[in-house]
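Q: Please take one part of this model and look at it closely. Which neighbours does it have, and how does it fit into the rest? Keep it brisk, as I am new to this.

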Amino acid sequence: MNIFVGNLTAAVTAEDLRRLFGGYGTIINAIVMRDTATGLPLGYGHVYLVPEQAACEALVNLHNTMLNGSHLSVRECVYRSRPEQRVKRQSWRGVERRVAGARRHNDYDLSAPLSWQQRTG
């Protein structure tokens, strides 16, 4: 079973997760998720633990336990299907998202070029 572990501090490593979940069953994989651009931890990870009964026991026993000064959020990882993620997404086919006008630029019309007198003010 794939287990989601949330609320991790920046100091937590995959080896810490292996030590924490090691007493419950066989750990297939333990990952602390990191940002691809900066390499900094994102604050959550995944542990793949077998057998299923041991994973359920780990869910119950390790939820809200302390690890490096923060309470862990431990639950079963549920994968969402594609259409379920953004049900209410609106499509903007052929229509501008913003109202036409100069609202974003303090009432200056940036589409019209300024004359020399307007630039020197």
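A: What follows is a close look at strand β1, then at the parts around it.

Start with the whole chain. This is a predicted model. The protein chain has four helices and six strands. Read along the sequence, they follow the pattern β-α-β-β-α-β-β-β-α-α. The average pLDDT of the chain is 81, and 66% of the residues score at least 70. Confidence varies among the elements. Strand β1 has the highest mean pLDDT, at 96, while helix α4 (residues 116-120) has the lowest, at 57.

Now zoom in on β1. The strand covers residues 2-6, and five of its five residues are buried. Look at its two faces. On one side sit Asn2, Phe4 and Gly6, and on the other sit Ile3 and Val5. Both faces are covered. For the protein chain as a whole, with its 121 residues, 26% count as buried.

Which strands pair with β1? One partner is strand β3, residues 41-50. The two pair in the antiparallel sense, over five bridges. To find the pairing on screen, look for Gly6, which stands opposite Tyr44 in β3. Another partner is strand β6, residues 73-76. This pairing is antiparallel too, over four bridges. Here, Ile3 stands opposite Glu76 in β6.

Follow β3 to its next neighbour. Strand β2 (residues 26-34) and β3 run antiparallel and are joined by seven bridges. In this pairing, Ala30 stands opposite Val47. The strands β2 and β3 form a hairpin with six residues between them. Gly39 lies in the turn and has a positive phi of about 80°.

Stay with Tyr44 for a moment. This residue is in β3. Is Tyr44 buried or partly exposed? Its relative accessible area is 28%, so Tyr44 counts as partly exposed. The cut-off for buried is under 20%. Tyr44 touches Phe4, Val5 and Gly6 of the chain, among others. Its contacts also include Leu8, Val32 and Met33. Val32 is twelve residues away from Tyr44 along the chain, and their C-alpha atoms are separated by 6.1 Å.

Next, move past the end of β1. Leu8 is in the loop between β1 and α1. With a relative accessible area of 10%, Leu8 is buried. Its contacts reach many parts of the chain: Leu17, Val32, Gly43, Tyr44, Gly45, Leu67 and Leu72. Compare sequence and space for Leu8 and His71. They are 63 residues apart in sequence, and their C-alpha atoms are 8.1 Å apart. There is a figure for the whole chain as well. Among contacts between residues at least 6 apart in sequence, 58% join residues at least 24 apart.

The loop leads on to helix α1. Asp16 is found there. Is Asp16 buried or exposed? Its relative accessible area is 15%, so Asp16 is buried. A polar atom of the Asp16 side chain lies 3.1 Å from the backbone nitrogen of Thr13. Asp16 also touches Ala11 and Asn68.

One more element belongs in the picture. Helix α2 (residues 52-62) has the buried residues Ala54, Ala55, Ala58, Leu59 and Leu62. They cover an arc of only 145° around the axis, so they lie on the same side of α2. On the other side, Gln53 and Val60 are exposed. What do the buried residues of α2 pack against? They pack against β1, α1 (14-21), β3 and β6. After the helix comes Asn64, with a positive phi near 70°.

Finally, step back to the surface. The protein chain exposes about 9500 Å², and carbon and sulfur atoms supply 50% of it.

Now put β1 back in place. The strand pairs with β3 and with β6. Helix α2 packs its buried residues against β1. Five of the five residues of β1 are buried.

Methods: Residues are numbered from 1 along each chain as its sequence is written. Side-chain values use heavy atoms; hydrogens and water are left out. Buried means under 20% relative accessible area, exposed over 50%, partly exposed in between (1.4 Å probe, protein chains only). Two strands pair if DSSP finds at least two bridges between them. Contact means heavy atoms within 4.5 Å. The arc is that of the directions from the helix axis to the C-beta atoms. Accessible areas come from the Shrake-Rupley method with a 1.4 Å probe; for residues, only the protein chains shown count as cover. pLDDT is the predictor's confidence in each residue, from 0 to 100. A polar contact is a pair of N or O atoms within 3.5 Å; within protein, one must be able to donate a hydrogen and the other to accept it, and residues adjacent in sequence count only if both atoms are side-chain atoms. Lists of a residue's contacts leave out its neighbours within four places in sequence.
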